[in-house]
Amino acid sequence: MNPRTGTERNVLFGILSSTWIAQACYAVTKLGVPDLLAAGPRSATDLAKEVDADERALYRVLRALATAGLLTESAGRMFALRRHGELLRSDVPGSLRPNSLIYGEEVIRSFTEIMYTLRTGRPAFDKVHGTSFYAYLDEHPEIDQIFTSAQGVLEVPPALAACDLTGVATLVDIGGGDGALLAEILQAHQAMRGVLVDRPEVIRQAKHRLDGIGDRVEFIDADFFRFVPDNADAYVLSRVLHNWTDDKAAEILRTVRAAMPENGRLIILEDTVPDGGQDRSASLVDLLMLVMMEGYDRTEAEYHELLTTSGFRVTATHRAPGARGAVNVAIEAGRA
Ligand SMILES: C[S@@+](CC[C@H](N)C(=O)[O-])C[C@H]1O[C@@H](n2cnc3c(N)ncnc32)[C@H](O)[C@@H]1O
């Protein structure tokens with residue numbers, strides 16, 4: 001077949017141009033268009049007035065988003081949200097609005113310097129933004145809030161369901177984000193107390209989210225490289241270790257180990273990269289880690305090794321289908 005025609009060419013063109021659609025999504029989301037369409041269809045003219053956009057430019061962007069399946073267009077340049085487009089609204093469960101905003105700014109800016117990452121192995125984010133990812137979030141609370149909201153809408157790691165938490169009186173969620181996971185655990189275990197450790201801006205958001213659980217949660221803003229509360233029955237590290245190199249991940253694990261009582265339990269929750277296989281979801285997140293921070297997505301065996309070299313003994317591994325098909329694991333460990 002002629003390589004310059006046919007579906008291969010269309011597929012590749014779709015891949016090469018996918019950032020255009022993502023950026024169009026970002027722009028209309030930032031302008032608040034999906035929220036304005038929540039009550040029903042509106043014309044491009046009307047929307048342009050409300051969001052202070054150039055009418056013809058907005059129409060062309062909305063038309064492109066309609067061809068991508070996010071909107072419908074009807075007579076009179078009227079636009080309405082389709083099911084995927086609904087997820088760009090700010091007020092729907094599982095909203096991807098925060099993702100769209102952060103992908104459209106910090107993430108895309110970092111990807112423009114992917115050559116730097118390829119030459120050096122270092123995150124392009126640091127080159128573009130002049131500092132590391134979490135240090136940048138500390139300096140930009142408004143972006144920190146968006147990032148934390150994006151984490152909060154991720155599903156609670158499914159492999160957690162296989163962990164028996166009976167008899168756990170106190171559980172510490174280290175780097176627990178906005179508290180979605182802790183909230184679910186505490187709902188299911190009414191006698192349990194929870195402790196959430198994270199950075200200051202994140203703790204502020206978590207307090208808001210966990211408002212209803214009140215006196216069963218303690219919030220600690222701390223740097224988990226330096227401090228983890230001691231003497232809890234169980235410690236959870238969910239989607240934390242994949243943000244860090246082996247050296248840094250081991251540093252966190254050693255801090256946890258030093259705080260843990262002799263018979264304490266550590267539960268690691270992560271999406272894993274299959275051994276030698278290919279998984280699109282896990283590889284995409286790993287690509288994000290490569291360009292944005294110094295972490296990477298590991299295989300199950302690599303997590304086991306990390307635990308062993310950090311003074312832990314793996315006691316159980318549970319697997320479940322994770323987000324978009326990745327294998328989500330819960331690895332339970334005690335002090336070696
Ligand atoms: C990828 S998010 C995971 C959030 C949550 N555990 C989850 O499963 O969705 C990593 C978390 O680690 C927190 N974090 C990063 N560096 C930290 C540090 N030095 N001390 C405490 N928390 C930190 C971030 O603020 C963020 O909430």
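Which residue has a polar side-chain atom 2.6 Å from an oxygen atom of the ligand? In this predicted model, that residue is D198. This briefing describes the surroundings of the ligand and then the contact of two helices, α4 and α5.

**Ligand surroundings**

- The ligand is surrounded by 16 residues, and the closest are G175, D198, R199, D223 and S238.
- By class, this shell comprises six nonpolar, six polar and four charged residues.

**Polar contacts of the ligand**

- G175 places a backbone N or O atom 2.7 Å from a nitrogen atom of the ligand.
- The side chain of R239 has an N or O atom that lies 3.1 Å from an oxygen atom of the ligand.
- On its own, the ligand has 590 Å² of accessible area, of which the protein covers 94%.

**Helices α4 and α5**

- Helix α4 spans residues 44-51 and helix α5 spans residues 55-67.
- The axes of α4 and α5 come within 9 Å and cross at roughly 115°, and the crossing is right-handed.
- On the α4 side, the residues in contact are A44, T45, L47, A48 and V51.
- Their counterparts in α5 are E55, L58, Y59 and L62.
- Seven nonpolar residues, one polar residue and one charged residue make up this contact of α4 with α5.

Conventions: Residues numbered from 1 in each chain as written. Predicted model: local features only at pLDDT ≥ 70, side-chain atom pairs only at ≥ 80, totals over all residues. Heavy atoms only, no water. Near = heavy atom within 4 Å. Polar contact = N/O pair within 3.5 Å; in protein donor to acceptor, adjacent residues only side chain to side chain. Areas by Shrake-Rupley, 256 points an atom, 1.4 Å probe, with all protein chains shown as cover. Nonpolar A, V, L, I, M, F, W, Y, C, P; charged D, E, K, R; others polar. Axes fitted to C-alpha atoms, helices over the stretch in contact; angles between N-to-C directions. Helix = DSSP H or I, 4+ residues; strand = E, 2+ residues; numbered from the N terminus. Left-handed = near helix turned anticlockwise from the far one by under 90°. Contact = heavy atoms within 4.5 Å.
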